[in-house]
Amino acid sequence: MCTPCCISQLACCCGSAACSCCCNCCPKIKQSTGTRIMYAFYFLLVTIICVIMMSPTVEQELRDHIPFYSEMCERMNAGENCKTLVGYSAVYKMCFGMACFFLFFAIFTIRVNNSTGCRAAIHNGFWLLKFVVLVACCAGGFFLPEEETFLEVWRYVGAIGGFIFLLIQLVLLVEFAHRWNTNWSSGVKYNRLWYAALALVTLVLFSVAVGAVVFMGLFYTHPEACLLNKIFIGINGSLCLIISLLAISPCIQKLQPTSGLLQPGVISVYVMYLTFSAFSSKPKEILQRDGVNTTVCVFPFNSGTESDKKIVTAVGTVILFGCVLYSCLTSTTRRSSAALRVCRNSEPETERARCCFCFGDDTDDYDEEKTGAGQNVMYDEREGTIYSYTYFHFVFFLGSLYVMMTVTNWFHYDDHKIEKLLDGSWSVFWIKMASCWVCLILYMWTLIAPMVCPKRFEA
């Protein structure tokens, strides 16, 4: 049992075979899904290394626990205590290597239409060799000439790519909301429990959104200060109410019968998170009371430990990797464009309602390879690709730039540490606040677009 498994893993690492787990109790997996999960694993691995590079705490732990650490750094020509391997410049170089890796594959896989060609075989297999190439790309970034010029130019390239990825992240969120509602609504016709599930999730989402508004209104405003907070809580809360009413209005329901309150619930929760994140990222406001300077409009619990920033960091990390994994587990272009295009003649009854709708429908008849000792693989791209290889790699290229800018605190990287990722910054505040409005406008456009351009949205 062990020998066939080792052979299949060797074929996956050094050949064009699809990746699968050794355990035969694992459910069968599609070739397209396994491929995207492997690229997401590479992305996650480099991101973790970048976070470690920005942490003086980790650097100190390595220095204290690795014998002959200083001598090893000198032999590697890494500077005193491996200074060239830590800090924002090291993160820039690592992400440069990862970005080059995904950009190369984005160009390499242009116009690949099925998985039978040699380029598709390289995209779906040879994982050990691709890992070696990724390591070589990341290591090569440390040997670039004219380091100061490179860092200055690459910073602006990263900022542009990071902003574009933010927009794609918002598109993925809106698409996720539409697809969730469409999938679960399709089950209402056959089982009323799906209607109860929709109602319950919608109630929970709006409860969280309203609770967030109340929480921020109580603790992030002050009668004598925090004017911006009051304005933006009012604006963002009002916009969330408007899109909720618009989603269930008769004119929208006529063109989009599946439109409901689930989508605006998802959007409202995300907008409230971004608003809270923006307030936490804003420089602290000081109010003088009886001759004593007092910090106002801050997180009320454990304010000395900056708990709000820890919450934002944790939730932001989950959202980032959630978007990456969602783009991996779904058909990145075809389903997304269909959901955002909201064709009036679409047929939601062909959709099978599932709790885990992100993983796709396994009812299709695909060629299946039985490994005998491991997870069975379904080859679902023999006749045509499920997703655009080029677009998939390009999203990861932009994601590499977004990670680089996020970990190094965008334009405020001087003397930056990962532990101070969300220290007060007006630029980060406005980026997040603008993201709120883009998300709301994008979702609103998916609602009113069929009325504005009716011919374009006819199937």
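Thr-116 sits in the loop between α5 and α6 (118-124), with helices taken as DSSP runs (H or I) of at least four residues, numbered from the N terminus. The model is a predicted one, where local features need pLDDT of at least 70 and side-chain atom pairs count only at pLDDT 80 or more, while totals for chains, interfaces and linings use all residues. Residues are numbered from 1 along each chain as its sequence is written, and side-chain values use heavy atoms, leaving out hydrogens and water.

With a relative accessible area of 55%, Thr-116 is exposed (buried is under 20%, exposed over 50% and partly exposed in between, with a 1.4 Å probe and protein chains only). Its C-alpha atom lies 8.5 Å from that of Glu-383, although 267 residues separate the two along the chain.

The loop between α5 and α6 also holds Arg-111. Arg-111 isn't a glycine, yet it has a positive phi of about 65°, and at 72% relative accessibility it counts as exposed. A similar backbone story comes up in the loop between α6 and α7 (127-140), where Phe-126 is placed. Phe-126, again not a glycine, has a positive phi of about 55°, but at 24% relative accessibility it is partly exposed.

Just before these loops comes helix α5 (residues 88-108), which includes Ile-107. Ile-107 is exposed, at 54% relative accessible area.

As for packing, the axes of α2 (residues 31-53) and α5 come within 9 Å and cross at roughly 165°. The two helices are therefore roughly antiparallel to each other (angles over 145 degrees count as such, under 35 as roughly parallel, 65 to 115 as roughly perpendicular and the rest as oblique).

Technical notes
Axes are lines fitted to C-alpha atoms, for helices over the stretch in contact, and angles run from 0 to 180 degrees between N-to-C directions.
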